[in-house]
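User: I should like to learn how to read the features of a protein model step by step. Please take me through the structure shown below.

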Amino acid sequence: MNAKEKRASLLAVLAAALYSLTSPFSKILLSDIPPTLMAALLYLGAGVGVLILMIIRGAVGGGKTETHIAKSDFPYVMGMIALDIAAPILFMYGLENSNPATVSLLGNFEIVATAFIAFILFSEHISGRLWTAIFFITISCILLSVELGANYTLSLGSLLALGATMCWGLENNCTRMLSMRDPMEVVVIKGFCSGIGSLCIAALFGQMSSSVSHITVALLLGFVAYGLSIFFYVSAQRYLGAARTSAFYAVGPFIGVALSFLLFGTPPNVLFPIALPLMIVGTYLSSTKPHEHAHKHEPVTHNHWHRHSDGHHNHIHNGTVLGWHKHMHAHEPLGHSHEHCSFEHHHELN
């Protein structure tokens with residue numbers, strides 16, 4: 001691993017650590033801020049934060065080769081915004097009604113939701129390894145959702161959190177259609193549009209707050225836990241690739257669990273010790289091992305970060321180009337078999 005890859009690995013872990021702040025610190029703020037308003041503030045904080053990063057990037061001359069959102073992207077942008085309004089509101093209500101450690105761990109159900117939706121809508125291949133991972137993660141989520149007592153019942157908070165991950169799973173599959181666009185531009189649109197949408201809902205139902213200090217802290221949390229996390233994640237991905245970055249990023253929910261224990265000291269339900277190792281196994285299987293199968297690529301012209309050793313980029317440059325770089329280039333139709341990630345976790349803003 002060279003120096004750039006080591007730095008990228010640290011950035012990926014830092015992105016996971018920052019995102020893990022969401023559940024425990026949102027739980028604290030929810031005692032003073034209503035759930036819908038909290039969801040709005042987190043996204044608005046991320047939008048404002050990433051907009052500042054975009055302005056800084058422009059000032060130093062970066063981002064000139066990034067591709068902007070086009071009119072043809074409008075349906076996916078609208079789907080992304082709508083789902084990014086619903087998901088965080090469900091997540092905050094789930095967090096309000098459940099333990100933050102449980103909610104942190106349930107976040108990994110997004111892996112299952114995204115994979116199933118990609119399989120159904122885009123006929124994506126699901127390997128035997130990923131099916132096994134889905135099994136372990138699903139069983140873990142069921143155990144986390146059960147409330148033991150005279151009658152076995154499902155926790156309302158857990159069900160709401162799972163509903164949020166399903167919305168984010170569908171949103172991931174909308175956002176994947178925008179993957180060749182400027183990632184910062186996508187996040188700014190997500191943050192402002194989804195945040196304003198949630199803010200309107202909060203105002204409609206009278207879920208507002210007059211506490212300037214709490215609102216400021218919530219915006220700051222959104223900037224750090226969402227905005228900076230995304231920025232570091234994208235930076236790492238450009239040197240490590242999606243599969244390796246997602247493997248590092250998968251530690252996030254477990255950091256969230258540890259933080260929740262440290263801050264609150266109260267354990268989740270009695271099945272948590274059983275669910276935790278199952279979730280670890282499922283997350284490991286889904287994030288670390290590439291698989292190989294025959295597949296086809298349609299012709300496309302686009303601009304994104306790539307390297308010529310990945311089996312997809314065989315175009316010729318006038319001079320010598322080594323490692324990761326980006327420019328407008330065309331792909332001819334291609335059918336081949338090579339190793340790639342069994343599931344690429346798209347963390348755009350969730």
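Analyst: Let us begin with a single residue and its surroundings in this predicted model. Once neighbours within four places in sequence are set aside, Gly-157 is in contact with Gly-94, Asn-97 and Ser-98. Gly-157 belongs to helix H8.

User: Is Gly-157 buried or exposed?

Analyst: The value to read is the relative accessible area, and residues under 20% count as buried. Gly-157 is buried, because its relative accessible area is 1%. A further reading comes from C-alpha positions: Gly-157 and Thr-102 lie 9.3 Å apart in space, with their places 55 residues apart in sequence.

User: Which residues does Pro-35 touch, when those up to four places away in sequence are not counted?

Analyst: Pro-35 touches Leu-30, Met-92, Tyr-93, Glu-96 and Gln-207 on that count. The residue lies in helix H3 and is buried, since its relative accessibility is 5%. From C-alpha to C-alpha, Pro-35 is 9.1 Å from Gly-94, although the two are 59 residues apart in sequence.

User: How many helices and strands are there in the protein, and what share of its residues is buried?

Analyst: The protein has 12 helices and six strands. Of its 350 residues, 49% are buried. For the contacts, one reads the separation in sequence: among those with a separation of 6 or more, 84% join residues 24 or more positions apart.

User: How does one read the geometry of a helix, with H7 as the case?

Analyst: One compares the distance between the first and last C-alpha with the span expected at 1.5 Å a residue. Helix H7 covers residues 128-145, which makes 18 residues, and reaches 26 Å, close to the expected 26 Å.

User: Which residues of H7 are buried?

Analyst: The buried residues of H7 are Leu-130, Ala-133, Ile-134, Ile-137, Ser-140, Cys-141, Leu-143, Leu-144 and Ser-145. Ser-140 may serve as an example: it counts as buried because its relative accessibility is 0%. Beyond its neighbours within four places in sequence, Ser-140 is in contact with Ala-275, Leu-278 and Met-279.

User: Let us turn to charged pairs. How many salt bridges does the rule give?

Analyst: The rule looks for a side-chain nitrogen of Lys or Arg within 4 Å of a carboxyl oxygen of Asp or Glu. The count comes to four salt bridges. One of them joins Arg-57 to Asp-182, with the closest N and O atoms 2.6 Å apart. Arg-57 lies in helix H3 (residues 35-59) and Asp-182 in the loop between helix H8 (156-175) and helix H9 (183-204), so the pair ties together parts that are 125 residues apart in sequence. Both partners are buried: Arg-57 has a relative accessible area of 18%, and Asp-182 has a relative accessibility of 1%.

User: Which residue forms a salt bridge with Arg-181, and where do the two partners lie?

Analyst: Arg-181 forms a salt bridge with Asp-73, the closest N and O atoms being 2.7 Å apart. Arg-181 is placed in the loop between H8 and H9, while Asp-73 is in the loop between H3 and helix H4 (74-96), so this pair ties together parts that are 108 residues apart in sequence. Asp-73 is buried, at 4% relative accessibility.

User: What can be said of the salt bridge between Lys-190 and Asp-84?

Analyst: In this pair the closest N and O atoms are 3.1 Å apart. Lys-190 in helix H9 and Asp-84 in helix H4 are 106 residues apart, and the pair links distant parts of the chain. Lys-190 is buried at a relative accessible area of 0%, and Asp-84 is likewise buried at 0%. Salt bridges can also share residues: Asp-84, Glu-171 and Lys-190 are linked in a network.

User: Finally, how should one read a pocket, and what is the volume of the second largest pocket?

Analyst: One reads the volume, then the lining. The second largest pocket has a volume of about 490 Å³. It is lined by 25 residues, and those closest to its centre are Arg-57, Met-184, Phe-231, Ser-235 and Arg-238. Helix H1 (3-19), H3, H9 and helix H10 (212-249) each supply at least two lining residues, and H10 gives the largest share, eight residues. By character, the lining divides into 13 nonpolar, five polar and seven charged residues.

How values were computed
Residues are numbered from 1 along each chain as its sequence is written. This is a predicted model: local features need pLDDT of at least 70, side-chain atom pairs count only at pLDDT 80 or more; totals for chains, interfaces and linings use all residues. Side-chain values use heavy atoms; hydrogens and water are left out. Helices (H or I, at least four residues) and strands (E, at least two) are DSSP runs, numbered from the N terminus. The expected span of a helix is 1.5 Å times one less than its number of residues. Buried means under 20% relative accessible area, exposed over 50%, partly exposed in between (1.4 Å probe, protein chains only). Contact means heavy atoms within 4.5 Å. On a 1 Å grid over the protein atoms alone, a cavity is a set of points where a 1.4 Å probe fits but cannot get out, and a pocket is an open set with protein on both sides within 12 Å along at least five of seven lines; lining residues have an atom within 4 Å of a point. Grid points are joined across faces, edges and corners, and a volume is the space filled by probe spheres set on the points. Ala, Val, Leu, Ile, Met, Phe, Trp, Tyr, Cys and Pro count as nonpolar, Asp, Glu, Lys and Arg as charged, and the others, Gly among them, as polar.
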